[in-house]
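Please explain how this chain is put together, going from its strands to its core and then to one of its helices. Keep the account plain.

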Amino acid sequence: MHTSTFKTCLLLIFLCIQSQLLRAQNRWDAIDEDIKGATAVDTIKQGKYSLIFINKSPDFDTAVKKRLVEVFFINYPKEAKLYNKKTTRKVVFIVDPAYEGVAAAASGIVRFNPAWFKKNPGDVDVVTHEVMHLVQSYPSGAGPGWITEGIADYVRFTLGVDNEGANWELPEFSEKQSYENAYRITARFFYWVERNVKKGTIKKLDKAMREKVYAETFWEKTTGKSLQSLWEEYSRKPTISG
Ligand SMILES: [Zn+2]
């Protein structure tokens, strides 16, 4: 009986290690492919953090590239310090013409669409938003997606290096909105909660998501008000300036 429990244990440990190895291998295999198709690969280190910049777009503007790197080293350490000191210290940026969205982040890798930056060369705080997703690294099923995207845009709004230059701002409140709209609409609501209800709420919210303990009761516990009543209060008096 004992021996077989022991054997099962060993087998489980073995399987666990193997799947971890496979996962790591998959990730680096993916980058290997990207490196093969790259026009340039740079590794930049500053303090605790390093960035591998893989450029697969031959005509990608070098000035934009320089600014993306700058924004990374300004904001990633800040985001790590404020929200999650255990976040990965090695990040990979891939400028990938095959990627059709604006940008996406997962497992330490951020993919950027060069066509977006051709049209919007000033939109460098896409980096601020995307690398926040690395800092968040919420486990699957951590909570609603509107919170994830709301926080990433809240961070872009509060830490952005040049939101003005990108013409990026929070939209005015309108009756048609809901906190579930995500991105900037939710970011504005989060900012209002920070300013008018309880400072530190968004930091706690981010932590709850990462620890997979978020439930709607979070709002009542943290601010003394339910999510619905916070939103109602916000819709009655949505001012965030001054
Ligand atoms: Zn996002």
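## A walk through the chain

The chain has nine helices and five strands. The model is a predicted one. Read from the N terminus, the order of the elements is α-β-β-α-β-β-β-α-α-α-α-α-α-α. Of the 242 residues in the chain, 30% are buried. Among contacts with a separation of 6 or more, 63% join residues 24 or more positions apart.

The early part of the chain offers a place to begin. Helix α1 covers residues 2-36 and strand β1 covers 40-46, and G37 lies in the loop between them. G37 is exposed, as 12 other C-beta atoms lie within 10 Å. K56 is 19 residues away from G37 in sequence, yet the two C-alpha atoms are 6.2 Å apart in space.

Next come the strands, taken by their pairings. Strand β2 (residues 49-55) runs parallel to β3, and six bridges join the two. Within this pair, I52 is opposite V92 of β3. Together with α2, strands β2 and β3 make a β-α-β unit, and the unit is left-handed. On the pairing with β5, strand β3 is again parallel, this time over four bridges. Two positions show how these strands line up: I94 stands opposite R111 in β5, and V95 stands opposite F112 in β5.

How enclosed is strand β3? In β3 (residues 90-95), five of the six residues are buried, so the strand is largely enclosed by the rest of the structure. Strand β5 is covered on both faces, with I109 and R111 buried on one side and V110 and F112 buried on the other.

Strand β5 also pairs with β4, here in the antiparallel sense and through four bridges. R111 of β5 is the bridge partner of A104, and R111 is also the residue opposite I94. β4 and β5 form a hairpin with two residues between them. S107 sits in the loop between β4 (103-106) and β5 (109-112). Most residues other than glycine have a negative phi. S107 is not a glycine, but its phi is positive, at about 45°. S107 is partly exposed, having 13 other C-beta atoms within 10 Å.

The buried side chains can now be followed into the core. The largest nonpolar core has 45 residues, and V91, F93, V110, V131 and I151 are those with the most contacts inside it. At least three residues of this core come from each of domain 1 (36-136) and domain 2 (145-236). What does F93 touch, once its neighbours within four places in sequence are left aside? F93 is in contact with L51, F53, I54, L68, V110 and F112. Among these partners, V110 and F112 are both on one side of β5.

Later in the chain, helix α7 (residues 201-210) shows how a helix can be placed against its surroundings. Its buried residues are I202, L205, D206, M209 and R210. They are on the same side of α7, because they cover an arc of only 135° around the axis. An α-helix has 3.6 residues a turn, so residues three or four places apart point the same way.

Which elements does this buried side of α7 pack against? The buried residues of α7 pack against α2 (62-83), α4 (126-136), α5 (145-159), α6 (183-196) and α8 (217-223). One of these, α2, is also the helix of the left-handed unit formed with β2 and β3. After α7 comes K212, which has a positive phi near 55°.

Another residue with a positive phi belongs to helix α6. Y183 is found in that helix, and although Y183 is not a glycine, its phi is positive at about 45°. Y183 has 17 C-beta neighbours inside 10 Å and therefore counts as partly exposed.

Key
Residues numbered from 1 in each chain as written. Predicted model: local features only at pLDDT ≥ 70, side-chain atom pairs only at ≥ 80, totals over all residues. Core = buried A, V, L, I, M, F, W, Y, C linked by C-beta atoms within 7 Å. Buried ≥ 20, exposed ≤ 12 C-beta atoms within 10 Å, placed from the backbone. Domains from an automatic or database assignment. Contact = placed C-beta atoms within 7 Å. Arc of directions from axis to C-beta. Pairing = 2+ DSSP bridges. Right-handed = clockwise from strand over helix to strand, strands pointing away.
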